[in-house]
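Work through the exercises below with the structure in view. Each task is followed by a solution in steps.

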Amino acid sequence: MREKLFNFIGLALLALCFAASLVRTLSRHASTSEDGQPQRITIRFAHWQLEDGPREAFARIAAEYSRLHPEVRIEQLPIPERVFSSWLVTQLVGGTAPDIIELGKGLEIGQLVRYFVPLSDLAEAPNPYNHGTPLEGLPLRETFFDGMEGGYNPLLLEYYGVPISGGSIRLFYNLELLERITGSRRLPRTSGELMALCEKIARHAAKEGVPLVPIAGSRYNAPFLMEALFSSQTQKLAETLNPPGIIDGNPVAQASGYLEGRWNLRSDAVRSGLTLMREVGRAMQPGFSQIMRDDATLLFVQNRAVMICTGSWDATSIRRQITFPLGVSPIPFPSPNDPVYGPHTLGARSEAGVNAGISFGLTRYSSHPEVAADFLLFLASRQANQLWTDVSGWIPSILTTRPGPEVEPFLPVLEGWLPGLMPSISKGFADTSRLFNTSFHLLVSPFGSVEAMIDTLEDDYPEAIRRDLERERLKRIQILQRGDTQLAALAWLARDPAAPPADRARLDLLLQADSTNQRNFYRTRFALEKAGTPSP
Amino acid sequence: MAAPISPRKAWHEWNLYLFILPAVLLIGLFCYFPAASAIYHSFFRWSGGEEKEFIGLKNFYDVLGDGVFWNSFWVIGILVVSNLFKLAPAILIAVLIHRLKSERWQYLYRIVVVLPMIVPGLVTLFIWKSFFDPTQGALNRFLDLTGLKTALVALDRAVGWGVFHEGIPIAWLGEPSLVIPSLILWGFPWIGAVGVLIYLAGLQSIGSEVYEAAQLDGAGPWQTFFHIEFPLIMTQVRLSLVMLIISTLQGFGLQFLLLGQDGGPGGRGMVPGLWMFNRAFLAGEFGYACALGLFLFAFILGLTWVNNRYVRVEKT
């Protein structure tokens with residue numbers, strides 16, 4: 001009897017769970033269709049910004065849009081970053097993608113062309129939602145602080161995204177701990193002062209016997225600080241590598257410079273950069289390269305680290321978790337007067353070249369593309385962007401928007417110098433990055449050294465760079481081939497004297513951009529040929 | 001076993017085969033089609049999009065010269081051997097549960113062993129990742145509290161490993177020499193629910209008269225295990241072995257989550273599956289990754305053939 005009762009309870013629990021799942025699934029399906037009200041349209045948009053702030057901001061923007069357009073309902077789909085790429089590919093290939101998707105993660109160029117609608121026409125027209133503002137009448141792209149470059153794909157020569165936020169990297173400080181250890185809340189202004197501060201913190205921790213690290217590091221956070229400081233040492237070197245008149249930080253120039261022998265891992269500037277990276281890595285907790293972003297953030301918010309280097313996008317999350325006053329500063333660069341690191345540096349890096357991010361694209365699967373495009377326009381309006389910065393605490397992307405006092409420390413610092421090189425040349429160079437990452441422990445380990453890392457990297461680096469450049473060359477050929485069809489079609493149409501001016505203008509634009517692509521292709525090919533790799 | 005029927009009779013009953021047609025179609029679509037696509041694309045330079053370029057056997061020649069791929073088999077070899085030893089705790093627990101006199105306690109212990117299966121594997125991986133954390137992880141705290149860290153440091157000094165140092169937290173996933181030991185240590189105490197249940201099923205099929213005869217002959221507990229129980233569950237052990245080898249050879253989720261896409265410091269944790277992932281999704285060389293997959297398939301096929309031919313089970 002008892003056994004029958006247990007079996008019945010188990011079965012009842014199973015039936016209950018199944019019923020709950022069924023109801024939830026069916027109600028979700030009902031809510032995503034035109035639910036009951038004949039004219040109600042649902043527009044779904046997906047993103048991976050699960051940090052504190054964005055979701056609430058998006059909800060407010062969606063509510064405001066629905067207030068203006070009662071027949072439209074906006075549904076937000078926040079997807080965890082870790083699974084976003086695989087989720088995205090599944091949705092795109094399966095034909096179930098939302099109307100609007102945040103661009104950038106795991107999206108190949110072929111997928112962008114195939115599944116997303118170019119927004120170039122939208123970018124050239126004024127945004128109706130800016131009516132009554134100083135931006136009224138301006139083409140959409142001119143209302144962004146970066147000219148909508150963050151949504152522009154230079155390889156496809158089209159705008160594909162609407163970027164709604166800026167971002168910057170900063171050092172965050174626990175001011176309470178800082179004051180307790182140093183007696184003041186003065187933030188370091190140079191890397192020399194930063195290193196001195198780290199030593200002071202380490203001595204304090206050893207003396208007091210407390211588990212305290214100067215800088216909380218992780219696989220995610222550490223590169224922000226380390227790459228910036230490496231770049232400070234290679235600014236002068238970067239100037240010599242770029243072709244005359246062209247300063248674009250192109251990794252191809254860096255890579256081909258290596259193969260041509262214009263720099264190597266033992267160059268003074270590079271060695272200096274690696275030494276500075278090692279110094280700052282030693283100020284982080286042991287084994288930081290194996291831990292994740294959240295673990296480093298936990299270390300900081302739990303008063304076990306005095307500093308953390310991360311993006312402005314983490315500021316809101318950090319503020320909501322801490323119980324101490326927060327200090328923020330740009331990454332302190334070496335002063336040109338620094339006796340050790342001064343000779344190779346020009347000065348603090350300018351953030352003027354940083355583009356807007358959080359770019360949303362319109363998928364070809366949208367059942368209501370006009371409405372989805374209209375929502376994108378609203379998202380890019382001054383009104384929505386003001387809401388965005390006020391609620392999320394993130395940097396706005398639309399001109400004349402007023403960032404709040406908490407956002408101000410994160411606004412880009414325009415004065416400064418060009419960036420130097422990246423230690424692994426480019427994150428898009430798979431083989432070079434892999435070699436660098438797998439040798440990284442030699443740089444930061446207590447018993448490692450710069451020499452040990454260079455010795456390990458040196459032999460395999462040229463071959464890795466060659467393979468990455470070859471891959472780059474093939475990619476650029478495909479892009480050129482893809483653009484040829486469009487160019488040929490437009491050239492054919494434009495030969496008619498009665499062709500609309502817009503077609504001719506577009507042809508001119510595409511020809512200009514195509515010449516840029518060709519220049520990059522031939523640079524890559526030339527670099528490979530100079531390095532002894534014949535091109536077919 | 002059913003007696004064979006003539007082809008004529010089989011054709012006569014052709015409409016019965018329609019019942020298995022949906023299953024065959026689904027298996028064809030979801031199992032065989034991706035494999036066939038991989039074989040097809042291995043002859044192309046393909047970045048996963050629409051464009052592809054036929055390059056014949058170039059991908060296969062490149063695989064033959066790929067040092068990272070072939071080195072990854074060393075890692076797999078170590079993991080396979082260590083996994084062989086990891087079979088032992090599950091067998092031991094199954095035997096202990098089987099020998100309990102009370103059926104009620106047998107049932108309770110089975111539940112205790114099976115209950116952790118509720119936790120998704122990914123969650124277990126993340127929990128272990130937190131165990132390995134140098135500053136906040138449970139493993140380092142345990143070693144510090146029990147004094148084992150001091151013993152390890154002393155041993156290190158004597159042997160000259162250069163891995164364990166006084167005052168420096170152990171970076172289990174950040175120190176190249178500790179990557180493989182960490183991968184082996186993962187999952188301790190290695191009592192997999194599925195394994196225990198499989199062995200229990202095997203043990204329960206052993207008749208009680210066999211135990212009685214052994215008892216009469218004066219066999220002790222260890223003798224009973226080595227001469228009766230273990231030989232009689234060899235079919236289940238062999239099945240576990242095949243599944244274990246295949247999953248170890250193909251798998252890379254553990255290494256990816258614990259060490260990242262590059263296989264950790266020094267690439268010490270790089271396994272064939274992870275290298276395929278790296279080439280496909282990081283380098284954008286999907287065609288090359290398919291060729292790697294074919295080599296891996298051939299390797300697994302060879303091992304399975306060896307296992308079937310030489311690991312025989314003598315039924316007494």
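**Exercise 1.** How many cavities of 30 Å³ or more does the structure hold?

Solution. The model is a predicted one. Step 1: the structure holds two cavities of 30 Å³ or more. Step 2: the largest cavity has a volume of about 50 Å³, and the second largest takes up about 40 Å³.

**Exercise 2.** Find which residues line each cavity, and sort the lining of the largest cavity by class.

Solution. Step 1: the lining of the largest cavity includes A:Phe230, A:Trp263, A:Met422, A:Phe436 and A:Tyr461. A:Gln254 is also one of its lining residues. Step 2: by class, this lining has ten nonpolar residues, one polar and no charged. Because Gln is counted as polar, A:Gln254 is the polar residue here. Step 3: the second largest cavity is lined by residues of chain B, among them B:Val242, B:Ile300, B:Thr304 and B:Asn307.

**Exercise 3.** Describe the interface of domain 1 and domain 3 of chain A.

Solution. Step 1: locate the parts. In chain A, domain 1 covers 35-166 + 355-410, and domain 3 covers 470-530. Their C-alpha centres are 28 Å apart. Step 2: count contacts. Nine residues of domain 1 of chain A touch nine residues of domain 3 of chain A. Step 3: take the area. The two domains bury about 710 Å² between them, with 59% of it on carbon and sulfur atoms. On the side of domain 1 of chain A, A:Leu155, A:Leu157 and A:Glu158 lose the most area, together 65% of what that side buries. Step 4: look for charge pairs. The rule finds zero salt bridges across this interface. Step 5: sort by class. The side of domain 1 of chain A that touches domain 3 of chain A has seven nonpolar, one polar and one charged residues.

Key:
Residues numbered from 1 in each chain as written. Chains lettered and ligands numbered in written order. Predicted model: local features only at pLDDT ≥ 70, side-chain atom pairs only at ≥ 80, totals over all residues. Heavy atoms only, no water. Domains from an automatic or database assignment. Contact = heavy atoms within 4.5 Å. Buried area = accessible area lost by both parts, 1.4 Å probe. Salt bridge = Lys/Arg side-chain N within 4 Å of Asp/Glu carboxyl O. 1 Å grid on protein atoms, 1.4 Å probe; cavity = no way out; pocket = protein on both sides within 12 Å on 5 of 7 lines; lining within 4 Å. Points joined across faces, edges and corners; volume = space filled by probe spheres on them.
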